[in-house]
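Here are some comments on the model you sent, set out as numbered points. They deal with charged side-chain pairs and with one packing of helices.

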Amino acid sequence: MQSFETSQRIVVTGGAGFIGKHFISYLLDQKHEVINIDKLTYASDKKSYASFYDYSNYGFIHEDITSLETLPECDLLINFAAESHVDNSIRSSRHFMTTNALGVQNLLELTRGFEQSLRPRFIQISTDEVYGDNIEGPHTEESLLRPSNLYAASKAAADHIVQSYARTYGIDYQILRLNNNYGVRQYPEKLIPRSIARLLENRKAQIHGDGSALRCWLHVKDAVQAIVTVVLQGNANEIYNISGNDELNVNDVVSKIAARMDLNVEDCVEYVNDRPGQDTRYDVDDSKMRKLNWAPEISFDDGLDEIVKKTIETPHW
Ligand SMILES: NC(=O)c1ccc[n+]([C@@H]2O[C@H](COP(=O)([O-])OP(=O)(O)OC[C@H]3O[C@@H](n4cnc5c(N)ncnc54)[C@H](O)[C@@H]3O)[C@@H](O)[C@H]2O)c1
């Protein structure tokens, strides 16, 4: 397992959320000094982040990235903070634009405020959704961004803002575009935890449209290792696609969950209206990332086994 130098000071934004907390757990175990800046929205995991206080190398700032006025001195700033649920962005997109685009602009402005030698590298955690539907074969990092929903549009805006700060002001950045992440203790609005929660309550799992939308699944622990790999070995001012190995449609995911809960999938699923703007498939080419000798290690079946087992043991968020 790779690691940063322990002398590096790391600021993580949105570290009380799903991917951020797994990333912070990894850093704390590696004895890094970490400062987490998080607004603690509904999506933050109050239980997990509270356990970080057991570590003397952890600090927390309860703040909104859009109104943050001072950035602690650091070597790396890794931005996970975002409104991240597509359905919410369809209902109302304002918070998405504010946090995901203007919040990033504010963090970049604070980064720019340091004299050149003290500026941290800016790591932006982005998504495969910025490319939109897969139309012309796999998307490389050079492909056009054609976001289909408001969440994806706000993340695409952020990617452009980061790149223009680099070009205009010489900010040093890396952008990582990740596939769908899954793993233990994800907020139960996302497909896997929501389906398990509903089935545990003897309700039907809901599937948008006909369930044929394909997604590539990346375990959050593999995502953490991918981020470490890019920071350590990737080039400055570049974008990296990061893909899991397992592509499954929504029907297959829910069937696998039902099977692990000893349920007959035909009896426990209901089909609901498809999301407006639903993408049928994201297919990203992450060969650039694979050249850094990173590959996902956790198979979807193994990852799902653990999630179902742990959610049954501790069903309440
Ligand atoms: N989960 C995925 O499948 C996935 C896939 C690709 C990319 N991403 C990206 O990775 C990042 C992390 O995703 P996640 O699933 O952990 O998200 P999440 O919704 O679980 O957590 C987001 C965190 O950001 C915090 N936050 C939100 N608005 C904030 C603000 N204005 N100021 C400070 N903190 C704020 C929340 O309190 C929460 O702790 C996001 O940028 C997301 O776009 C996620």
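Notes on salt bridges and a helix contact

1. In this predicted model, E189 and K190 join their side chains in a salt bridge, with an N to O distance of 3.9 Å. E189 counts as buried because its relative accessibility is 10%, below the 20% cut-off, whereas K190, with a relative accessible area of 21%, is partly exposed. Elsewhere, K256, R260, D301 and D305 are joined into one network by salt bridges that share partners.

2. A salt bridge also links R9 to D75, whose closest N and O atoms are 3.7 Å apart. R9 belongs to strand β1 (residues 9-13) and D75 to the loop between β3 (58-62) and β4 (76-79), so this pair ties together parts that are 66 residues apart in sequence. R9 is partly exposed at 35% relative accessibility, and D75 is partly exposed at 28%.

3. Within helix α4 (residues 94-112), R112 and E109 lie three residues apart, about one turn of the helix, and their side chains form a salt bridge at 2.9 Å, N to O. R112 is partly exposed, at 29% relative accessible area, and E109 is likewise partly exposed, at 29%. The count for the model comes to 21 salt bridges.

4. Helix α6 (residues 191-200) and helix α10 (residues 300-313) have axes that come within 11 Å and cross at roughly 45°, and the two helices are therefore oblique to each other. Their crossing is right-handed. The contact is made by I192, I196 and L200 of α6 with F300, L304, I307, V308, T311 and I312 of α10; these residues divide into eight nonpolar, one polar and no charged.

Notes: Residues numbered from 1 in each chain as written. Predicted model: local features only at pLDDT ≥ 70, side-chain atom pairs only at ≥ 80, totals over all residues. Heavy atoms only, no water. Axes fitted to C-alpha atoms, helices over the stretch in contact; angles between N-to-C directions. Helix = DSSP H or I, 4+ residues; strand = E, 2+ residues; numbered from the N terminus. Parallel < 35°, antiparallel > 145°, perpendicular 65-115°, else oblique. Left-handed = near helix turned anticlockwise from the far one by under 90°. Contact = heavy atoms within 4.5 Å. Nonpolar A, V, L, I, M, F, W, Y, C, P; charged D, E, K, R; others polar. Salt bridge = Lys/Arg side-chain N within 4 Å of Asp/Glu carboxyl O. Buried < 20%, exposed > 50% of the residue type's maximum accessible area, 1.4 Å probe, protein only.
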